[in-house]
Amino acid sequence: ALFGIVAVVDLLTLKSGVMLLPFSPSPDRVLQALPKNLASYGQNLAASMVLLGEGVAIGIATGFLTGLLMGWSKVANYWFAPLLKFIGPVPSAAWLPIAVAIMPTSRAAGLFLIALAIWFPLSLMLSSSIRSTDKRKIEAARVMGATEGYILFHVALPAAVPSIFDALFMGLSSSFGALIISEQLGVKAGLGWYINWASSWGEYYKVFATVGVFIIIFYLIMTLLFKVRDAVMKWQQSTVRW
């Protein structure tokens, strides 16, 4: 299928001109961009991964804490739920001018956008899953003398593990979009910055090659996430139908 797609694109660009050059570069130019500019791609990829990793870590930490509090405490849910409904659904692109205005540096604004993309789905799905924990299991734990903290971390939280991985999948998908947006804020390195720089010089084959790098990195991260999910949720494998 991949070779078929490449052949069709080559036919539409270089062979027939249906898709105009250089705005739609031929596959050979795109494939040559990476090895010819390997140092630039490596430097910008490293900068993007550092920014993405820090933002995701902040988003997971804050989202996990918010989700736990909202799911287990009525007081916390009373105060955090309106904030979650107000801030969460707004896309990262809409927060761009606000992030630039309220954050001290462009890097801090980028971290805010990436963390927000993780924080919202994780907080929402974790709190919802904890609140929907089977009441019979909670009552059985209380009858056996379990404390509230023990019930939270040994009954409610394990029941929310599938929702946590679903939220991480959604959040990581959104975080890649937030990463590209955040790297338009004046940073001097990153794949998003490289896309902007290459397009300003009309080198669209580098833009397409950079998008290909994003696809590969996202695929690897998602594959790793699914491997971790399968290892953590071994009990569910027997219930999945093939």
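The paragraphs below lead through the pocket, the aromatic pairs and the salt bridges of a predicted model.

A starting point is the largest pocket, which holds about 630 Å³ of space. Of the 18 residues that line this pocket, those closest to its centre are Leu-2, Val-6, Val-30, Leu-31 and Gly-212. Three helices, α1 (2–15), α2 (27–36) and α11, each supply at least two residues of the lining, and α11 gives the most, with eight residues. Sorted by class, the lining of the largest pocket has 17 nonpolar residues and one polar residue, while charged residues are absent from it.

Helix α11, which spans residues 204–232, also takes part in the aromatic contacts of the model. The count of aromatic pairs comes to eight. In one of them, the ring centres of Phe-176 and Phe-218 lie 5.1 Å apart and the ring planes stand at 85 degrees, so the pair is classed as edge-to-face, given that planes over 60 degrees apart are assigned to that class. This pair links distant parts of the chain, since Phe-176 belongs to helix α9 (residues 161–182) and Phe-218 to helix α11, with their positions 42 residues apart in the numbering. The two partners fall into separate accessibility classes: Phe-176, with a relative accessible area of 7%, is buried, whereas Phe-218, with a relative accessible area of 25%, is partly exposed. The class boundary that matters here is 20%, because a residue counts as buried under that value.

Other aromatic residues are joined through ring pairs into a cluster, which is made up of Tyr-41, Trp-193, Tyr-194 and Trp-197. A contact of another kind brings a charge over a ring, for Arg-29 lies over the face of Tyr-205, at 4.1 Å from the ring centre.

The charged side chains can be followed through the salt bridges, of which a search of the whole structure finds seven. One of them joins Lys-15 to Asp-10, with the closest N and O atoms 2.5 Å apart. Here Lys-15 counts as exposed, at 56% relative accessibility, whereas Asp-10 counts as buried, at 18% relative accessibility.

A second salt bridge is formed by Glu-54 with Arg-107, and the closest N and O atoms of this pair are 2.7 Å apart. Like the phenylalanine pair described above, this pair links distant parts of the chain, with Glu-54 in helix α3 (residues 38–72) and Arg-107 in helix α6 (residues 106–131), 53 residues apart. Glu-54 is partly exposed, at 33% relative accessibility, and Arg-107 is also partly exposed, with a relative accessible area of 36%.

A further salt bridge, between Arg-142 and Glu-139, has its closest N and O atoms 3.3 Å apart. Both residues lie in helix α7 (residues 135–143), where three residues, or about one turn of the helix, separate them. Arg-142 is partly exposed, with a relative accessible area of 37%, as is Glu-139, with a relative accessible area of 44%. The contact belongs to a network of salt bridges in which Glu-139, Arg-142 and Glu-148 are linked.

Conventions: Residues numbered from 1 in each chain as written. Predicted model: local features only at pLDDT ≥ 70, side-chain atom pairs only at ≥ 80, totals over all residues. Heavy atoms only, no water. Phe/Tyr/Trp six-rings, centres within 6.5 Å; stacked < 30°, edge-to-face > 60°. Helix = DSSP H or I, 4+ residues; strand = E, 2+ residues; numbered from the N terminus. Buried < 20%, exposed > 50% of the residue type's maximum accessible area, 1.4 Å probe, protein only. Lys NZ or Arg CZ within 6 Å of the ring centre and 35° of its normal. 1 Å grid on protein atoms, 1.4 Å probe; cavity = no way out; pocket = protein on both sides within 12 Å on 5 of 7 lines; lining within 4 Å. Points joined across faces, edges and corners; volume = space filled by probe spheres on them. Nonpolar A, V, L, I, M, F, W, Y, C, P; charged D, E, K, R; others polar. Salt bridge = Lys/Arg side-chain N within 4 Å of Asp/Glu carboxyl O.
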